[in-house]
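Visitor: I am new to reading protein models, and I would like to learn how to go through one feature at a time. Could we begin with the contacts between charged side chains?

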Amino acid sequence: MRRLQDDWADCDFCGWEEANVVGEPFERDGERLDWLVCLACGRSNTRRLGWPAAPE
């Protein structure tokens, strides 16, 4: 897990500053995601990272 910086660091649910961490990216249904967790309130959600590059 790693701490986030900038706009993603603050929790959208409780407002706690610099409380969000994310896990390792993973792929689901062809889309890249990671899991975002607030260390203050415990709320969690997936975060969309985008689509993987098309194979050449």
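Guide: Let us begin there, keeping in mind that this is a predicted model. A search of the whole structure finds two salt bridges, and one of them is formed by the side chains of Glu 31 and Arg 48, with N and O 2.3 Å apart. Glu 31 belongs to strand β4 and Arg 48 to strand β5, so this pair ties together parts that are 17 residues apart in sequence.

Visitor: Are Glu 31 and Arg 48 buried or exposed?

Guide: The general idea is that a residue counts as buried under 20% relative accessible area and as exposed over 50%. Glu 31 has a relative accessible area of 13% and is therefore buried, whereas Arg 48, with 63%, is exposed.

Visitor: Which residue forms a salt bridge with Arg 47, and how far apart are the closest N and O atoms?

Guide: The partner of Arg 47 is Asp 34, and their closest N and O atoms are 2.8 Å apart. Because Arg 47 lies in strand β5 and Asp 34 in strand β4, the pair ties together parts that are 13 residues apart in sequence. In this salt bridge Arg 47 is buried, and Asp 34 is buried as well.

Visitor: How should I read the overall arrangement, and how many helices and strands are there?

Guide: A good habit is to list the elements before looking at how they pair. The protein has five strands and zero helices, so that the order from the N terminus on reads β-β-β-β-β, by the rule that helices and strands are numbered from that end. Along the principal axes, the C-alpha atoms fill a box of roughly 45 × 20 × 15 Å, and of the 56 residues in the protein, 27% are buried.

Visitor: Which strands are joined to β4 by bridges?

Guide: To read pairing, one looks for the bridges between two strands and for the sense in which the strands run. Strand β2 runs antiparallel to β4 and is joined to it by three bridges, with Val 21 having Val 37 in β4 as its bridge partner. Strand β3, residues 26-28, also pairs with β4 in the antiparallel sense, over three bridges, and here Arg 28 stands opposite Glu 31. Between β4 and strand β5, residues 44-50, there are six bridges, and these two strands run antiparallel; Leu 33 stands opposite Arg 48 in β5.

Visitor: What should I look for in the turns of the hairpins?

Guide: Count the residues between the two strands, and then look at the backbone angles. The hairpin of β3 and β4 has two residues between the strands, and Asp 29 in its turn has a positive phi of about 55 degrees. In the hairpin of β4 and β5 there are five residues between the strands, and Gly 42 takes a positive phi near 85 degrees.

Visitor: Is strand β4 mostly covered or mostly open?

Guide: Strand β4, residues 31-38, is mostly covered, since six of its eight residues are buried. Cys 38 is found in this strand, and with a relative accessibility of 2% it counts as buried.

Visitor: Where is there a negative patch on the surface, and which residues form it?

Guide: Such a patch is formed by Asp 6, Asp 7, Asp 10, Asp 12, Glu 17 and Glu 18. Among them, Glu 17 has its place in the loop between β1 and β2, and Glu 17 is exposed, with a relative accessible area of 62%.

Notes. Residues numbered from 1 in each chain as written. Predicted model: local features only at pLDDT ≥ 70, side-chain atom pairs only at ≥ 80, totals over all residues. Heavy atoms only, no water. Patch = residues over 30% accessible without salt bridge, like charges linked within 9 Å, V, L, I, M, F, W, Y side chains within 5 Å. Areas by Shrake-Rupley, 256 points an atom, 1.4 Å probe, with all protein chains shown as cover. Salt bridge = Lys/Arg side-chain N within 4 Å of Asp/Glu carboxyl O. Lys, Arg positive; Asp, Glu negative; His and termini not counted. Charge placed at Lys NZ, Arg CZ, Asp CG, Glu CD. Helix = DSSP H or I, 4+ residues; strand = E, 2+ residues; numbered from the N terminus. Buried < 20%, exposed > 50% of the residue type's maximum accessible area, 1.4 Å probe, protein only. Pairing = 2+ DSSP bridges.
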